[in-house]
Amino acid sequence: MMFTAITSLWQSFYLWFPFLFVFLFFLLPYKIRISFDNLRQDKSISFELIVFLWGKAALFKLQRNFPAGFRITYFEELANTLAAEKSGWHKDGKKGLQKITLPVFDFMQAVVWEQFTLKVKLGTGDAAWTALLTGFLRYLSGRGSPHILRLLTFEKGSRPFLLVYPAFQEQELTFLLTAGFKAGALKIIYYTIKIYWEILMYYQNIILRRQSKNGRTSHPGFDDHSYGKSQGNG
């Protein structure tokens, strides 16, 4: 009789063990370390994501390199392109970006930060403009650090580190961003889904605007029965 009861109890535990494992997975604290940089010789962007259990054991590691050539003039070209767009697009785009950045900001406030380091080396090709721009960015970083400390929760003894230094001799934009924070699995999953949903809806709205602009099609084209003219009838 005793043996039968023990066997039944063991079988019940065996059946419920996967659910217990998932439950513990949601309750355990995790530490995440993220880094971006373009310090490679080919100036490609290096991305690294590491997930630690209890801050020591690495459970997951992801490394990717993305080709990118950074130019200071690119930002000027981008600003001119955006300025040429209609004001309606600007308002819609601003509203969509605000919806995305809000859950990102909420997540940044909800976790405990261990490290937040940003280093930027900047050069415009002109020594005077480089000195002026780097001086202004250093002023902003100095004024912004206390605000970051008030808005985000840092571990005792930790603080954000922001550094901008000039490259007077050449046109250059080199950066290193390293961030580490602690959070529970439920909190990470909740905000990840929320951010992903806002991004998905943002791009869906962009597609709908393009369809409306191009006559309810995702791209302009020729209609077979329009004698070479686009009728906008899909």
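A polar contact, as I use the term today, is a pair of N or O atoms within 3.5 Å, and within protein one of the two must be able to donate a hydrogen and the other to accept it. Here is a case. The side chains of Y139 and R143 make a polar contact at 2.8 Å. Please keep in mind that this is a predicted model.

Let me start with the whole chain. It has five helices and seven strands. Going along the sequence, the order is α-β-β-β-α-α-β-α-β-β-β-α. The chain is 234 residues, and 24% of them are buried. Take the contacts between residues at least 6 apart in sequence: 65% of those join residues at least 24 apart. The accessible surface comes to about 17400 Å², with 64% of that belonging to carbon and sulfur atoms.

Now helix α4, where I will spend some time. The helix runs over residues 127-151, which is 25 residues. Is its length what one should expect? Let me put that properly: how far apart are the end C-alpha atoms of helix α4, and what should the helix span? At 1.5 Å a residue the helix should span 36 Å, and the end C-alpha atoms are 35 Å apart, so the two agree. There is a bend, though. A kink of about 30° lies at G144, shortly before the proline P146.

At the start of α4, a side-chain oxygen of D126 comes to within 3.1 Å of the backbone nitrogen of A128.

Which residues of α4 are buried? They include T130, T134, S141, G144 and S145. So G144 appears here as a buried residue and also as the site of the kink. The buried residues of the helix pack against two strands, β4 (112-124) and β6 (161-166). As general background, an α-helix has 3.6 residues a turn, so residues three or four places apart point the same way.

Two residues of α4 make a useful pair to look at. The first one is T130, which is found in this helix. T130 counts as buried because its relative accessibility is 1%, and the cut-off for buried is under 20%. The T130 side chain has a polar contact of 3.0 Å with the side chain of T124. Leaving aside residues up to four places away in sequence, T130 touches L122, G123, T124, G125, P166, A167 and F168.

The second one is Y139, also in helix α4. Y139 has a relative accessibility of 48%, so this residue counts as partly exposed. Its polar contact with R143 is the one I opened with. Y139 and V164 are 25 residues apart in sequence, and their C-alpha atoms are 9.7 Å apart in space.Next, the salt bridges. How many does the structure hold? There are five, and I will go through three of them.

In one, D42 pairs with R40, and the closest N and O atoms are 3.5 Å apart. D42 is partly exposed, at 49% relative accessibility. R40 is partly exposed too, with a relative accessible area of 38%.

Another joins the side chains of K61 and E48, at 3.9 Å from N to O. This pair links distant parts of the chain, with K61 in strand β3 (residues 57-66) and E48 in strand β2 (residues 45-53), 13 residues apart. K61 has a relative accessible area of 52%, and since exposed means over 50%, K61 counts as exposed.

The third on my list is K182 with E114, where the closest N and O atoms are 3.3 Å apart. Here the two residues are 68 apart along the chain, K182 in strand β7 (residues 171-184) and E114 in strand β4. K182 is partly exposed, at 34% relative accessibility. E114 is partly exposed as well, at 23%. Through shared partners, salt bridges join K31, E114, E155 and K182 into one network.

K31 takes me to the last residue, W54. Where does W54 lie? It is in the loop between β2 and β3. Buried or exposed, then, for W54? W54 is exposed, with a relative accessible area of 57%. Not counting residues up to four places away in sequence, W54 touches L28 and P29. The C-alpha atoms of W54 and K31 are separated by 7.0 Å, with their positions 23 residues apart along the chain.

That is what I have on this predicted model.

Methods. Residues numbered from 1 in each chain as written. Predicted model: local features only at pLDDT ≥ 70, side-chain atom pairs only at ≥ 80, totals over all residues. Heavy atoms only, no water. Helix = DSSP H or I, 4+ residues; strand = E, 2+ residues; numbered from the N terminus. Expected span 1.5 Å × (residues − 1). Bend = angle between axes of the 7 residues up to and from the residue. Buried < 20%, exposed > 50% of the residue type's maximum accessible area, 1.4 Å probe, protein only. Contact = heavy atoms within 4.5 Å. Salt bridge = Lys/Arg side-chain N within 4 Å of Asp/Glu carboxyl O. Areas by Shrake-Rupley, 256 points an atom, 1.4 Å probe, with all protein chains shown as cover.
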